[in-house]
Amino acid sequence: MARAGLTGERLAQAGAELADEVGFDQVTVSALARQFGVQVASLYSHVRSSADLKARIATVALTELADRASTAVAGRASRAALSALADVYRDYARKHPGRYAATRFVPDSPAPEHVDSGRRHSELVRAVLRGYDLDEPAQTDAVRLLGSTIHGYIQLESAGTFAFSEPSSDDSWPRIIDALDTLLRSWS
């Protein structure tokens, strides 16, 4: 008999919360079954596999992050929009480390919801870049530059790499954003 209230959506949300507690890589159908106090087999009527569960968690995280980023960049342009976007990503990674890790998960066969939520991030970055008046292929290059710089910084910071040097990562962050802004303004 199926446990009342268990749905794929509820399992994805619980999986996202579990990811923040134990790390995204540690989230499995078995771990989630233990959390709900049910047999593993009972969850397979809601998710196909651990990979399916992780894809659903990634969709939850991508959607949450896109919603926050969209609100943050609304009505802003150029450096203000760039800073707002980057700050949302960094804050989300700090508050939800497991979910943030899930945003980097690429499913073998992504569901349309996953593709849509991922596309929103690309559209948000491109919206920020409109303030810099970049044409193609420069805009695609800039999307890749921003993604690698912002996500790379966040990954290194969360791993503790910046903890042993001065200035602090909090002091460096606005200078990194200023450098990106300067680069984007002068892109030829």
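Tyr 153, Phe 162 and Trp 173 come together as one aromatic cluster in this predicted model. Across the whole structure, a search returns three aromatic pairs. A pair of aromatic rings is described by the distance of the centres and the angle of the planes.

The rings of Phe 24 and Phe 105 form one of these pairs; their centres are 5.7 Å apart and their planes meet at 70°, so the arrangement is edge-to-face, given that an angle over 60 degrees falls in that class. This contact joins distant parts of the chain, the two residues being 81 residues apart. Phe 24 belongs to the loop between helix H1 (8-22) and helix H2 (29-36), whereas Phe 105 lies in the loop between helix H6 (97-102) and helix H7 (112-129). Phe 24 is buried, with 6% relative accessibility, while Phe 105 is partly exposed at 21%.

Within the cluster named at the outset, Tyr 153 and Phe 162 make a tilted pair, with 4.8 Å from centre to centre and 40° between the planes. Tyr 153 has a relative accessibility of 8% and therefore counts as buried, since the limit is under 20%. Phe 162, by contrast, is partly exposed with a relative accessible area of 24%.

Phe 24 has a further partner besides an aromatic one: the charged end of Lys 54 sits over the ring of Phe 24, at 5.1 Å from its centre.

Turning to annotation, an unreviewed UniProt entry lists residues 28-47 as "DNA-binding region". In the model, this span is 60% helix and 0% strand, and its end C-alpha atoms are 11 Å apart.

Notes
Residues are numbered from 1 along each chain as its sequence is written. This is a predicted model: local features need pLDDT of at least 70, side-chain atom pairs count only at pLDDT 80 or more; totals for chains, interfaces and linings use all residues. Side-chain values use heavy atoms; hydrogens and water are left out. UniProt positions are given in the numbering used here, feature names are shortened, and annotations may be inferred rather than shown by experiment. Helices (H or I, at least four residues) and strands (E, at least two) are DSSP runs, numbered from the N terminus. Rings of Phe, Tyr and Trp (its six-membered ring) pair if their centres lie within 6.5 Å; planes under 30 degrees apart count as stacked, over 60 as edge-to-face and the rest as tilted. Buried means under 20% relative accessible area, exposed over 50%, partly exposed in between (1.4 Å probe, protein chains only). A charge sits over a ring if NZ of Lys or CZ of Arg is within 6 Å of the ring centre and within 35 degrees of the ring normal.
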